[in-house]
Amino acid sequence: MALSMSDVDRFEAARPRLEAIAYRLLGSAGEAEDAVQETFLRWQATDVGRIEVPEAWLTKVLTNFCLNQLTSARARRETYVGRWLPEPLLAGDPMLGPADTVEQRESVSYAVLVLLERLSPNERAVYVLREAFDYPHREIAGILDLTEAASQQIYHRAKKHVVDGRARTEIDEATARRIVEEFLAAATSGRTEPLVRLLTQDAVSVGDGGGKVPARAKGFEGALAVAKFLRGLFKPSEAKRALVGGAAEIHATTANGGPAIVAVVDGRVVGITCLEVTAEGIAAVRSQVNPDKLVRATAQWAATDQGDSPLHTL
């Protein structure tokens, strides 16, 4: 069914919100874009004039498509090579969505996206719609075909899982940069002691190479083990340069609202390391090096003014 220009405009006005919802639900920018495109195709095939509340209809179609994707994704990730981590988004990416409240910023933090992988699809959907977009439980119940009471119960259960798994720490951009600079100074010092002092005792380090870039399937645990690994990781070598296609420039940045390190070779992002910071220190170092999950970051990097010189070169 042909859409009028006003119908297309209405969908395009909703697109940023739909993409932000889909990204939080799926943890993948590429899959989020696909979900929004599928929603548009269904919008195109529907008698739009008979839809009473288009925004609610679009959210329901998108969310249920994402729920189906999450169910099949669990099966796909069982055969994924190595550790699966979400796709990080650099500062300024519109898919990060609203960031006006602590809850909205928290919902898209890299640490929370990792924790959301532990939730059931319904728990994840209720948590995202309520926490990040402030949907009332009555509307969530309609979107997911639940009772309002069930939506409330699922939300409280999901939030408990997230809160239990992470201590909330709000960090502004200046603090994030300082943390990254201190971390890089320690990681490139050639000694483990400076790193150990920055890490929590139970710190972990994990990476996602997707079978395309070397990354250990099992992460490192404990401050000393993580420090030793990072000391080697940030040591320049010809082997590393051959692997990524040249000398990698290391920059301090933010990804998903938190402190991050981005490695760039000739304008191409080849790695993003997200630091999870708590009051006790850096609790997790998560590195995304799967090139399939860095395409959008590369485009965002190219679109942003990178006036600062790199902090380090590998």
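Strand 5 and strand 6 form a hairpin, with two residues between them. The model is predicted. It holds 13 helices and seven strands. With a radius of gyration of 20 Å, close to the 20 Å that the globule rule gives for 314 residues, the protein is as compact as a globular protein of that length.

**Strand 6 and its partners**

- Strand 6 covers residues 281-288. Eight of its eight residues are buried, so the strand is largely enclosed by the rest of the structure.
- Strand 5 spans residues 268-278 and runs antiparallel to strand 6. Seven bridges join the two.
- Within this pairing, Leu275 stands opposite Val285 of strand 6.
- Strand 1, residues 199-208, runs parallel to strand 6. Six bridges link strand 1 and strand 6.
- Asp208 has Gln288 of strand 6 as its bridge partner.

**Nonpolar cores**

- The largest nonpolar core has 48 residues. Trp43, Leu62 and Leu116 touch the most other members.
- Several helices give two or more residues to this core: helix 1 (5-26), helix 2 (29-44), helix 3 (54-77), helix 5 (110-116), helix 6 (121-132), helix 7 (137-144) and helix 8 (148-165).
- Helix 1 supplies the largest share, nine residues.
- Another core, of 26 residues, lies apart from this one. Its members include Ala227, Ile250, Leu275 and Val277.

**Trp43 and its surroundings**

- What does Trp43 contact, leaving aside its neighbours within four places in sequence? On one side of it in sequence, the partners are Leu3, Asp7, Arg10 and Phe11. The others are Val48, Ile51, Pro54, Trp57 and Leu58.

**Ile261 in strand 4**

- Ile261 is found in strand 4, residues 258-265.
- Is Ile261 buried or exposed? Its relative accessible area is 3%. The cut-off for buried is under 20%, so Ile261 counts as buried.
- Beyond its neighbours within four places in sequence, Ile261 is in contact with Val180, Phe183, Leu184, Phe234, Ile250, His251, Gly271, Ile272 and Thr273.
- Ile250, one of these contacts, is also a member of the 26-residue core.
- Glu181 lies 80 residues from Ile261 along the chain, yet their C-alpha atoms are separated by 9.2 Å.

**Two loop residues with positive phi**

- Most residues other than glycine have a negative phi.
- Asp145 has a positive phi, near 55°. This residue sits in the loop between helix 7 and helix 8.
- Asp145 has a relative accessible area of 62%. The cut-off for exposed is over 50%, so Asp145 counts as exposed.
- Asp266 also has a positive phi, near 50°. Its place is the loop between strand 4 and strand 5.
- At 76% relative accessibility, Asp266 is exposed too.

**Whole-protein figures**

- The C-alpha atoms fill a box of roughly 65 × 40 × 40 Å, taken along the principal axes.
- Of the 314 residues, 49% count as buried.
- The accessible surface comes to about 14700 Å². Carbon and sulfur atoms account for 51% of that surface.
- How many of the contacts between residues at least 6 apart in sequence join residues at least 24 apart? The share is 68%.

Key. Residues numbered from 1 in each chain as written. Predicted model: local features only at pLDDT ≥ 70, side-chain atom pairs only at ≥ 80, totals over all residues. Heavy atoms only, no water. Core = buried A, V, L, I, M, F, W, Y, C linked by side-chain atoms within 4.5 Å. Buried < 20%, exposed > 50% of the residue type's maximum accessible area, 1.4 Å probe, protein only. Helix = DSSP H or I, 4+ residues; strand = E, 2+ residues; numbered from the N terminus. Contact = heavy atoms within 4.5 Å. Pairing = 2+ DSSP bridges. Rg over C-alpha atoms; globule rule 2.2 N^0.38 Å. Areas by Shrake-Rupley, 256 points an atom, 1.4 Å probe, with all protein chains shown as cover.
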